[in-house]
Amino acid sequence: MAVHYGDLVRAALMEARPAGLQTRQLIAATRLTRSQVARGIQHLCDVGAAEHLTPIIWR
């Protein structure tokens, strides 16, 4: 399921670039819970590391 969350998070971040989104904005944009957003971001980080892509930095 993290793959689906990751897809939603990635799509929301791509639409908002380059400004990015704060966590609460990302939650609103994806309609996911805070934990689902966190899992989606972690999935994106894992995939990016495995495929040697630009890392995602999230605070």
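Beyond its neighbours within four places in sequence, A12 is in contact with L21, L26, A29 and T30. The model in which these contacts occur is predicted. A12 also belongs to the largest nonpolar core, which comprises 9 residues: Y5, V9, A12, L13, L26, L32, V37, I41 and L44. Two elements, α1 and α3, each give two or more residues to this core. The leading contribution is that of α1, with 4 residues.

L26, a contact partner of A12 and likewise a member of the core, is one of the buried residues of α2, alongside T23 and T30. These three residues lie on the same side of α2, because the arc they cover around the axis is only 60°. The exposed residues R24 and A28 are carried by the face of α2 turned away from its buried side. After α2 comes R31, which has a positive phi, near 60°.

Two further residues, one in α1 and one in α3, have relative accessible areas that can be set against the cut-off for burial. A16 is found in helix α1, and Q36 in helix α3, which spans residues 34-50.

| Residue | Relative accessible area | Class |
|---|---|---|
| A16 | 19% | buried |
| Q36 | 18% | buried |

Buried status requires a relative accessible area under 20%. A16 therefore counts as buried at 19%, and Q36 therefore counts as buried at 18%. The side chain of Q36 also has a polar atom 2.8 Å from the backbone nitrogen of T33. As for A16, its C-alpha atom is separated by 21 Å from that of D46, a residue 30 positions away along the chain.

The confidence of the prediction can be stated for the protein and for its elements. The average pLDDT of the protein is 86, and 92% of the residues score at least 70. Among the elements, helix α2 (residues 23-30) has the highest mean pLDDT, 93, whereas helix α1 (residues 2-16) has the lowest, 85. Where pLDDT is low, the predicted coordinates should not be read in detail.

In summary, A12 joins the largest nonpolar core and contacts residues that include L26 and T30. L26 and T30 are both buried in α2, the element with the highest mean pLDDT. The core itself draws two or more residues from each of α1 and α3.

Definitions and conventions: Residues are numbered from 1 along each chain as its sequence is written. This is a predicted model: local features need pLDDT of at least 70, side-chain atom pairs count only at pLDDT 80 or more; totals for chains, interfaces and linings use all residues. Side-chain values use heavy atoms; hydrogens and water are left out. Buried means under 20% relative accessible area, exposed over 50%, partly exposed in between (1.4 Å probe, protein chains only). A polar contact is a pair of N or O atoms within 3.5 Å; within protein, one must be able to donate a hydrogen and the other to accept it, and residues adjacent in sequence count only if both atoms are side-chain atoms. pLDDT is the predictor's confidence in each residue, from 0 to 100. The arc is that of the directions from the helix axis to the C-beta atoms. A nonpolar core is a set of buried Ala, Val, Leu, Ile, Met, Phe, Trp, Tyr and Cys residues joined through side-chain atoms within 4.5 Å. Contact means heavy atoms within 4.5 Å.
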